[in-house]
Amino acid sequence: MFEHFHVPEEDEVRIMLDALRKTVNELFLKIGFSDQDAWQATDVLLLSDTRVVDTHDVSNMMRNYIRMVAEGFVNPTPNWTITRETPTTANVDCDRGLGFAVIPQVMKLAIEKARDTGIGAITMSNGRHAGMIAYHAMMALPHDMIGYAITAGGQPMPPTFGAEPRLAPNPHAWAVPTDKEPPFVLDISSSSLAMNKLTLLRRMNALTIPGVMAESDGTPIMDEREVPDDAFVLPNGGTRELGSHKGYSLSAVAQIFAGILSDGAFGPYEGGQMSHFVAAYSVEAFADLHRFKSSMDDFMQYLADTPPAPGHDRVYYAGLMEHEESIDRHERGIPLHNEVVEWFDSATDEFDLTPLER
Amino acid sequence: MLEHFHVPEEDKVFVRREDLLKTTTDVFLAMGMPLEDAELAANGLITADIRGCETHGVSNMLRNYVEQFREGKINPTPNWKIIRETSAVATIEADRSHGLVMCQRVMDIAIEKASKVGIGAVTIQNSTHAGMMAYHSMRAMEHDMIGYAITGGGAIMVPTYGAEPRLGSVPHTWVVPAGKMPPFVLDISSSSVAANKIGLLQTHRCKTAAGIAR
């Protein structure tokens, strides 16, 4: 992430992973999740924290989930069902279950299908927030498969040339196994800026970044100023000249695969409704596994070894930075903002739990 | 396309679709391709021109293909084969086929697999330039299927923070059938600008656009 999204040093409280895991798990149990779903949801949130996807971790999201369950938008005990199925595909009705409790179970089904036929791809309707979707794609890695995950829903983002929001910055994530190198893990929103980052910017009183958001009439904001309350995020690319039609259309692709293909959903949220899509590709079905993984190592090294441009120390590939940072966070804990720790204290107090350990 | 990629008014010559198709097919035949392959390849180029995707039409590409046939890089009569296969996937050894033809044939294999098991996905090795990728994913539409096509190769684009090109500006394309509306056809390079557009800019003697080339 860019420097200005990080928690400022003076506001930072380091919480060890196990402590955070314990409290988050207890909170999910308190709001009615089953043991299995609470464990699963906690595992997704904690992976976002360790991989520095702070937009999708406990700081930004946990309080929203509690509110969504309280308001009845999220069903804490979903009875998800398969509504259509072939040897390679399925469609699932999520029964308003929290995406990151339901999607991992559905991804397991896609992995089984891929083991049988080479590919498994499953659409999900009537879902709720998916969490960091890289988690779902990464589930394919231990099975020597390529994972792909999408989530879609809502409409805070205007199309290229548009003056009204009609799409969400729907993300795509791919995870590809390697042999010795850290795996290739790509998780990108189709906007210039993840929607959640607007919330982060506001919390940190940071300024706008030129070319990533628009005024309320769709005009791209090309200077640094206070984040306006009615700002939209722009599609990835920012302006047409720099390729915003690509971000806009990748968002549409996500909406089509997750939403339209599962049950025709698009447009405004209906109570936070989201649709999802996961796929698993068996490497062995296409190629010799050993050769593939060693070629992936070579390719990742080839990219990371690119001589850096002036002003830069090194070149990364998708997933490398997150991998390195996660080693540090496992050792030193997760840097939470003071304000987030205070929220945890009020929540554990409200639910009669032991406070977050630090 | 952005305005500065269009042919300037004073340099325009209008050619009828059938005439362009015939001459282009003749060129591919002269390169030694069988008739059916020559027609598939010519149709791919003209489809790009008709859709206003001039980067991948006859103007930019046909002369390159002729050169590549002459240098032996493209094999006009390849003996391609399936080297690995499951019910849903396959891998093809293309024997230096023309990508425009190979991807069409392989999309047919994918379509057949999808009609049996729900999805078909096929990788192709040792092929050559595939033309406008949307041409291949569009083939799925007639079967009420969603088409997806990628091509990869070359190193003309720098990684973020990099000072040396290490990747192709390789495109992804998705094609989704609709009811009465024109279909959703997305064909996007992963660079800010298709590499071919730099060729177009040079042909049309245009200036660089800020932020897309180094």
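Residue A:F299 lies in helix α9 of chain A, where helices (H or I, at least four residues) and strands (E, at least two) are DSSP runs numbered from the N terminus. The structure is a predicted model, in which local features need pLDDT of at least 70, side-chain atom pairs count only at pLDDT 80 or more, and totals for chains, interfaces and linings use all residues. Residues are numbered from 1 along each chain as its sequence is written, while chains are lettered from A and ligands numbered from 1 in the order in which they are written.

Is A:F299 buried or exposed? A residue is called buried if 20 or more other C-beta atoms, placed from the backbone, lie within 10 Å of its own, exposed if 12 or fewer, and partly exposed in between. A:F299 has 17 other C-beta atoms within 10 Å, so it is partly exposed. Its C-alpha atom is separated by 45 Å from that of A:G32, 267 residues apart along the chain.

Helix α9 (289-304) is also one of the elements of chain A that give two or more residues to the side touching chain B, together with β4 (119-127), α7 (244-260) and α8 (283-286). The largest share, five residues, comes from α7(A). In total, the contact takes 27 residues from chain A and 26 residues from chain B; two residues are in contact if their C-beta atoms, placed from the backbone, lie within 7 Å. On the side of chain A, 16 residues are nonpolar, nine polar and two charged. Here Ala, Val, Leu, Ile, Met, Phe, Trp, Tyr, Cys and Pro count as nonpolar, Asp, Glu, Lys and Arg as charged, and the others, Gly among them, as polar.

A closer look at α7(A) follows. Of its 17 residues, 15 are buried, and the helix is thus mostly covered. The end C-alpha atoms of α7(A) are 22 Å apart, which agrees with the 24 Å that its 17 residues should span at 1.5 Å a residue; the expected span is 1.5 Å times one less than the number of residues.

Turning to the partner, chain B has six helices and six strands. Their pattern along the sequence is α-α-α-β-β-α-β-α-β-β-β-α. Of the 214 residues in chain B, 41% are buried. The mean pLDDT of chain B, the predictor's confidence in each residue from 0 to 100, is 92, and 88% of its residues reach 70 or more. For the complex, the predictor gives an ipTM of 0.90 and a pTM of 0.93.
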